[in-house]
Number of protein chains: 2
Amino acid sequence: MIDGTGKTDPSLRIRIVFGDDAMLGPGKADLLERIRDTGSISAAGRSMAMSYKRAWLLVEEMNAAFQAPLVESARGGAKGGGAYLTETGEAVLSHYRKLETIVAQAGAAQIEGLLSLRSDVSSRK
Amino acid sequence: MIDGTGKTDPSLRIRIVFGDDAMLGPGKADLLERIRDTGSISAAGRSMAMSYKRAWLLVEEMNAAFQAPLVESARGGAKGGGAYLTETGEAVLSHYRKLETIVAQAGAAQIEGLLSLRSDVSSRK
DNA sequence: AAAGGATATGTTCAGTCAAACATATCGCAA
DNA sequence: TTGCGATATGTTTGACTGAACATATCCTTT
């Protein structure tokens, strides 16, 4: 647990792999969500202990992976600039979150079956 | 795509994360399956372009992550040695594969929703 | 007893990837 | 017109990872 968010990492992580190297996983989804909440790429990055450079890079990747950019940003202005999710960005985030919940529910039995075979039972939440 | 198996990489990859650093994903599941099929860690590794060292390391991790080892092995003998899946190993592999299919089906709609927003439509299968 | 094939491990080396550091630009507000 | 805060990128450094290389051990077969 590196980040100070106290967020309990889900036992099941899903990643959608597109064609060649583009993919969408928990990291980018979280970043997307935080950009929506903070209105800033750098603030979003800070909130998850991620450098602006890296956050911006991930945004660039995501924007390139879809037909329309997920995040649009502006420089300068009153507060220096900012960023927000486009319609496409909102849709992608929404789909991913819904996929997470659906998948977690549908796979609950198998996951439980795997966890019951695990060691270190004391650390189970 | 590095391996010569011609296996189509699934668009949805799932990974179960246990407590601290132990986790189970597509790589270890494949390795497990190939060990079961070949009866050998080294043969399994070779079949997926993985060094014996690495394959053995992954096996060790898996064995440590569960209450009972998933793979048992023997040195020497007629064919030099070999390895096979234990009951626990079979169970883990079975659970993981079933989880994959269940999850793929349950999430189909959301995945389709995401893919429809993707660029590079020509590469869709 | 010598060979062979696979398990079992240690060590070294190179490539990759993220962190860190460094600027540059933008546009409003004071 | 100067400052601020955020976007936008380039460069360098360091850590981690896997590849490659090197042995050692085991036990059946010949």
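**Exercise 1.** Which atom of DNA strand D lies 2.9 Å from a polar side-chain atom of K53(A)? Describe the protein surface around that strand.

*Solution.* The model is predicted, so local features need pLDDT of at least 70 and side-chain atom pairs count only at pLDDT 80 or more, while totals for chains, interfaces and linings use all residues. Residues are numbered from 1 along each chain as its sequence is written, chains are lettered from A in the order in which they are written, and side-chain values use heavy atoms, with hydrogens and water left out.

Step 1. The partner of K53(A) is a base nitrogen of DNA strand D; a polar contact is a pair of N or O atoms within 3.5 Å.

Step 2. The backbone also takes part: an N or O atom of the I41(A) backbone is 2.4 Å from a phosphate oxygen of DNA strand D. For K79(A), a backbone N or O atom lies 3.5 Å from a sugar or linking oxygen of that strand. Elements giving two or more residues to this surface are α2 (41–47), α3 (52–65), β3 (71–75) and β4 (81–85) of chain A; helices (H or I, at least four residues) and strands (E, at least two) are DSSP runs, numbered from the N terminus.

Step 3. Around DNA strand D there are 19 residues, of which I41(A), Y52(A), K53(A), S73(A) and G76(B) come nearest; a residue is near a strand if one of its heavy atoms lies within 4 Å of it. Sugar or phosphate supplies 68% of the strand D atoms within 4 Å of the protein, and bases supply the rest.

**Exercise 2.** Identify the polar contacts of I41(B), K53(B) and S73(B) with DNA strand C.

*Solution.* Step 1. At I41(B), a backbone N or O atom is 2.5 Å from a phosphate oxygen of DNA strand C.

Step 2. K53(B) places a polar side-chain atom 2.7 Å from a base nitrogen of DNA strand C.

Step 3. In the side chain of S73(B), an N or O atom is 2.8 Å from a phosphate oxygen of DNA strand C. The surface near this strand draws two or more residues from each of α3 of chain A and α2 (41–47), α3 (52–65), β3 (71–75) and β4 (81–85) of chain B.

**Exercise 3.** State which residues have the most contacts inside the largest nonpolar core.

*Solution.* Step 1. This core has 64 residues; a nonpolar core joins buried Ala, Val, Leu, Ile, Met, Phe, Trp, Tyr and Cys residues through side-chain atoms within 4.5 Å, buried being under 20% relative accessible area (1.4 Å probe, protein chains only).

Step 2. The residues sought are L31(A), I35(A), L31(B) and I35(B).

Notes. A polar contact is a pair of N or O atoms within 3.5 Å; within protein, one must be able to donate a hydrogen and the other to accept it, and residues adjacent in sequence count only if both atoms are side-chain atoms. Buried means under 20% relative accessible area, exposed over 50%, partly exposed in between (1.4 Å probe, protein chains only).
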